[in-house]
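Here is a short set of exercises to work through with the model open on your screen. Try each task before you read its solution.

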Amino acid sequence: MAHNDPPMLRTSERRAFKRCQKRWWWGYREGLKPYGFADPLWFGIGVHLALAAWYCGPGLRRGPEPAETWEAYAGDSIRTAKTTQAGDEGLVDRWTDLKDLGVTMLKGYRELYGNDDYIDVIAPEQIFSLDIPWPDDIDALRAILDPERLGQVLVTYKGTFDLPFRDLRSGKILIGETKTCKAISLDHLSLDDQAGSYWAVSQRTLRTAGLIGPKDFVAGVEYNFLRKATPDDRPKDAEGYATNKPLKADYIKMLDNTSTDLGSVLTEPALKKMKLDELAVLADKAGIIVMGERSKVQPPPLFAREIIWRTRPERRTQLLRIQDEALHMELVREGILVPTKNPSRDCRWDCEFFGLCELDEQSVPTEEFRELQFRIEDPYADHRKSTDD
């Protein structure tokens with residue numbers, strides 16, 4: 001980046017800054033990258049790549065099976081995670097091999113959604129680069145910031161958004177947003193900042209690239225959720241609800257007046273004298289499926305989709321928020337404000353700088369720890385390659 005080039009801004013950087021400014025400073029200003037940190041995004045990245053290859057386009061053209069792309073991505077990796085499963089006794093956590101989980105989820109996804117014949121792919125993904133100007137009212141900043149900087153671009157917002165497509169059911173243009181999660185929640189989507197930002201820049205980007213017409217508009221975001229869990233393997237009743245393990249009374253009810261191989265007929269008095277496992281064998285021989293009562297604990301859905309329609313005023317709000325955050329970062333970058341911490345109980349598993357932060361809290365030297373635990377990387381390297389022509 002030349003001396004006069006504006007700073008670059010990424011969506012992940014914005015998220016890090018709002019989560020904890022000190023975390024942002026270490027990762028995006030100092031470029032610290034830990035050795036051997038278990039990336040919690042590894043699973044989501046793999047599912048994203050698998051579905052991007054599947055919805056390759058253009059139009060209704062599809063690529064390799066998502067489960068195959070996932071297996072190639074996962075390779076020989078041995079990773080596990082705690083997933084939530086429904087059982088007779090309630091929701092339980094169990095450790096699951098992530099490679100197997102990805103295969104199961106993506107096969108289930110394909111079985112449910114098929115070829116998605118309403119998704120007319122414009123592009124599997126689209127890079128963007130958008131100059132964000134300084135706010136209009138910057139008179140108060142002239143005394144504290146470099147006047148030459150105030151006459152230039154504030155930041156260049158760069159990144160990639162997924163799956164712009166035309167919904168053949170409505171004719172509307174949408175962008176897709178795939179999310180893997182432990183639990184599916186839809187209530188917050190109207191205020192979702194990440195996909196909202198991608199939507200805000202998508203229309204101008206697609207028009208400039210000639211992928212949509214000058215009068216076409218991007219109407220919203222279709223969220224595509226995949227819950228990190230395996231299917232509930234309990235028997236299902238006629239309406240698709242999971243059932244409990246059958247009790248002796250359930251077997252007796254189904255087997256009453258059943259004929260045996262010897263020609264005799266078993267009635268309720270005789271069945272009551274038999275053990276549960278004997279009744280199970282008898283039902284199996286007779287080809288009778290016996291289910292218990294409908295379970296009070298039903299599994300949450302494995303997949304969900306939700307379209308959030310967006311308006312022109314929302315686009316302006318999103319762009320102004322990007323500008324506001326970029327200005328706040330600039331004030332920290334220039335040393336006018338100090339980067340603050342935002343400690344929480346999630347820091348230990350959620351932040352790669354937890355150990356460094358503990359030492360920093362104790363006001364002890366961290367140079368040796370940094371040399372042993374971190375390398376220096378350019379956090380913008382991928383976007384420099386993908387968007388600088």
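A strand here is a DSSP run of at least two E residues, and strands are numbered from the N terminus. Keep in mind that the model is predicted.

**Exercise 1. Place Asp 162 and describe its surroundings.**

Task: Find which strand holds Asp 162, decide whether Asp 162 is buried or exposed, and list what Asp 162 is in contact with beyond its sequence neighbours.

Solution.
- Step 1: Asp 162 belongs to strand S7, which spans residues 155-162.
- Step 2: The relative accessible area of Asp 162 is 15%. Buried means under 20%, so Asp 162 is buried.
- Step 3: Setting aside neighbours within four places in sequence, Asp 162 is in contact with His 48, Pro 124, Glu 125, Ile 175 and Gly 176.
- Step 4: With His 48 there is also a side-chain polar contact, at 3.1 Å.
- Step 5: For a distance to try yourself, take the C-alpha atoms of Asp 162 and Ala 195: they are 9.4 Å apart in space and 33 residues apart in sequence.

**Exercise 2. Look around Ser 202.**

Task: Work out where Ser 202 sits and which backbone oxygen its side chain reaches.

Solution.
- Step 1: Go to helix H7 (residues 193-208), where Ser 202 is found.
- Step 2: Ser 202 has a relative accessible area of 0%, so this residue is buried.
- Step 3: The Ser 202 side chain reaches the backbone oxygen of Trp 199, at 2.7 Å.
- Step 4: Not counting residues up to four places away in sequence, Ser 202 touches Phe 161, Ile 175 and Val 218.

**Exercise 3. Sort the two sides of helix H8.**

Task: Decide which residues of H8 are buried and which exposed residues lie on the face turned away from them.

Solution.
- Step 1: In H8 (residues 248-255), the buried residues are Tyr 251, Ile 252 and Leu 255.
- Step 2: These residues lie on the same side of H8 because they cover an arc of only 100 degrees around the axis.
- Step 3: Turn to the face pointing away from the buried side, and you meet the exposed residues Ala 249 and Lys 253.
- Step 4: Follow the chain just past H8 to Asn 257, which takes a positive phi of about 70 degrees.

**Exercise 4. Compare three salt bridges.**

Task: For each of three salt bridges, find the N to O distance and where the partners lie.

Solution.
- Step 1: Start with the idea behind the exercise: side chains of opposite charge can pair when their charged atoms come close. With a cut-off of 4 Å, the count for this model is 23 salt bridges.
- Step 2: Glu 325 and Lys 18 meet at 2.8 Å, N to O. This pair links distant parts of the chain, since Glu 325 is in helix H11 (residues 312-333) and Lys 18 in helix H1 (residues 11-19), 307 residues apart. Glu 325 is buried at 9% relative accessible area, whereas Lys 18 is partly exposed at 42%.
- Step 3: Glu 239 pairs with Arg 294, with the closest N and O atoms 3.6 Å apart. Here too distant parts of the chain are linked: Glu 239 is in the loop between strand S10 (218-227) and H8, and Arg 294 in the loop between helix H10 (276-286) and strand S13 (303-309), 55 residues apart. Glu 239 is exposed at 59%, while Arg 294 is partly exposed at 38%.
- Step 4: Glu 268 and Lys 272 form a salt bridge with the closest N and O atoms 3.2 Å apart. Both are in helix H9 (residues 268-272), and being four residues apart, they are separated by about one helical turn. Glu 268 is partly exposed, at 35%.
- Step 5: Now look for shared partners: salt bridges join Arg 14, Lys 18, Asp 193, Arg 321 and Glu 325 into one network.

**Exercise 5. Find a nonpolar patch.**

Task: Which residues form a nonpolar patch with about 260 Å² of accessible area together?

Solution.
- Step 1: The patch on the surface is made of Leu 41, Ile 45 and Leu 49.
- Step 2: Leu 49 is in helix H3 (residues 42-54).
- Step 3: With 40% relative accessibility, Leu 49 counts as partly exposed.

Terms used: Residues are numbered from 1 along each chain as its sequence is written. This is a predicted model: local features need pLDDT of at least 70, side-chain atom pairs count only at pLDDT 80 or more; totals for chains, interfaces and linings use all residues. Side-chain values use heavy atoms; hydrogens and water are left out. Buried means under 20% relative accessible area, exposed over 50%, partly exposed in between (1.4 Å probe, protein chains only). The arc is that of the directions from the helix axis to the C-beta atoms. A salt bridge is a side-chain nitrogen of Lys or Arg within 4 Å of a carboxyl oxygen of Asp or Glu. Patches are made of residues with over 30% relative accessible area and no salt bridge: like charges are joined within 9 Å, nonpolar side chains (Val, Leu, Ile, Met, Phe, Trp, Tyr) within 5 Å. Accessible areas come from the Shrake-Rupley method with a 1.4 Å probe; for residues, only the protein chains shown count as cover. Contact means heavy atoms within 4.5 Å. A polar contact is a pair of N or O atoms within 3.5 Å; within protein, one must be able to donate a hydrogen and the other to accept it, and residues adjacent in sequence count only if both atoms are side-chain atoms.
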